[in-house]
Amino acid sequence: MQEDTVRVLHDLADRAQAYGVSLAFEFVGYPNCSVNTFEQAYQIVQAANRDNVGIVLDCFHFHVMNSRIEDLQQADPAKIFVFHIDDCEDLPVGALRDQHRVWPGHGCVDLDAILRTLSEIGYSEMVSVELFRPEYWDWEIERTIQTGKETTEQAIRTYFA
């Protein structure tokens, strides 16, 4: 599986490079997904060994299949192309799905460990909120934007001034 994924990433990276585009490979923390931990995804990105191929670090996916903070501690921050901050309800491994995501700091994800590690390894590029919680879809857009901004700033404040 890893060899096939690396081969496809090489092909896509060649195509993307012609347009000055980078690819961010995202692992999806569901039991039925072939790449569902940070460690697996990072090994694939390392094996691809392309300047324009990196990883998406999503706190939700990192948490839901028990990715290890030790693996993140070993990561090259330059290979983390996208960082999604989110949190989730406290449900068993394998039971969580996108609709269980909540605002940063409102759930059970160990955001402090992830953020502290990102700071320690020298990551400082970007952070984006990624939520798919149906009840938030009914909110007024300004409330959604403000809540996302406030909860994200509160979560990252200690580690990224």
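**Exercise 1. Burial and geometry of a ring pair**

Task: In this predicted model, decide whether Trp103 and Tyr136 are buried or exposed, and classify the pair that their rings form.

Solution. Start with the burial: Trp103 and Tyr136 are both buried. Next, take the geometry of the rings. A pair of aromatic rings is described by the distance of the centres and the angle of the planes. For Trp103 and Tyr136 the centres are 4.7 Å apart and the planes meet at 25°. Planes under 30 degrees apart count as stacked, so the pair of Trp103 and Tyr136 is stacked. Finally, place the two residues along the chain. Trp103 sits in the loop between strand E5 (101-102) and helix H5 (111-121), while Tyr136 belongs to helix H6 (residues 134-137). With these positions 33 residues apart, the pair links distant parts of the chain.

**Exercise 2. A second pair and its cluster**

Task: How many aromatic pairs does the structure hold, and what kind of pair do Phe27 and Phe38 make?

Solution. The count is eight aromatic pairs. For Phe27 and Phe38, the ring centres lie 6.2 Å apart, with the planes at 80°. An angle over 60 degrees counts as edge-to-face, so that is the label for Phe27 and Phe38. Now look at where they come from: Phe27 is in the loop between strand E1 (23-26) and helix H2 (38-48), and Phe38 is in helix H2, eleven residues apart. For burial, compare each value with the limit of under 20%. Phe27 has a relative accessible area of 1% and is buried; Phe38, at 0%, is buried too. To widen the view, add Tyr42 and Phe62, which form one aromatic cluster with Phe27 and Phe38.

**Exercise 3. Arginines over rings**

Task: Which rings have Arg97 and Arg143 over their faces?

Solution. Take Arg97 to begin with: it lies over the face of Tyr30, 4.5 Å from the ring centre. Then turn to Arg143, which lies over the face of Trp139 at 3.5 Å from the ring centre.

**Exercise 4. Checking the cysteines**

Task: Why is Cys59 not bonded to Cys88, and how many disulfides are there?

Solution. The closest cysteine sulfur to that of Cys59 is in Cys88, 9.8 Å away, which is too far for a bond. Cys59 is buried, at 1% relative accessibility. Move on to Cys88: its nearest cysteine sulfur, in Cys108, is 4.1 Å away, and Cys88 is in no disulfide. Cys88 is buried as well, with a relative accessible area of 0%. The cut-off is 2.5 Å, and the count comes to zero disulfides.

Note on methods: Residues numbered from 1 in each chain as written. Predicted model: local features only at pLDDT ≥ 70, side-chain atom pairs only at ≥ 80, totals over all residues. Heavy atoms only, no water. Phe/Tyr/Trp six-rings, centres within 6.5 Å; stacked < 30°, edge-to-face > 60°. Helix = DSSP H or I, 4+ residues; strand = E, 2+ residues; numbered from the N terminus. Buried < 20%, exposed > 50% of the residue type's maximum accessible area, 1.4 Å probe, protein only. Lys NZ or Arg CZ within 6 Å of the ring centre and 35° of its normal.
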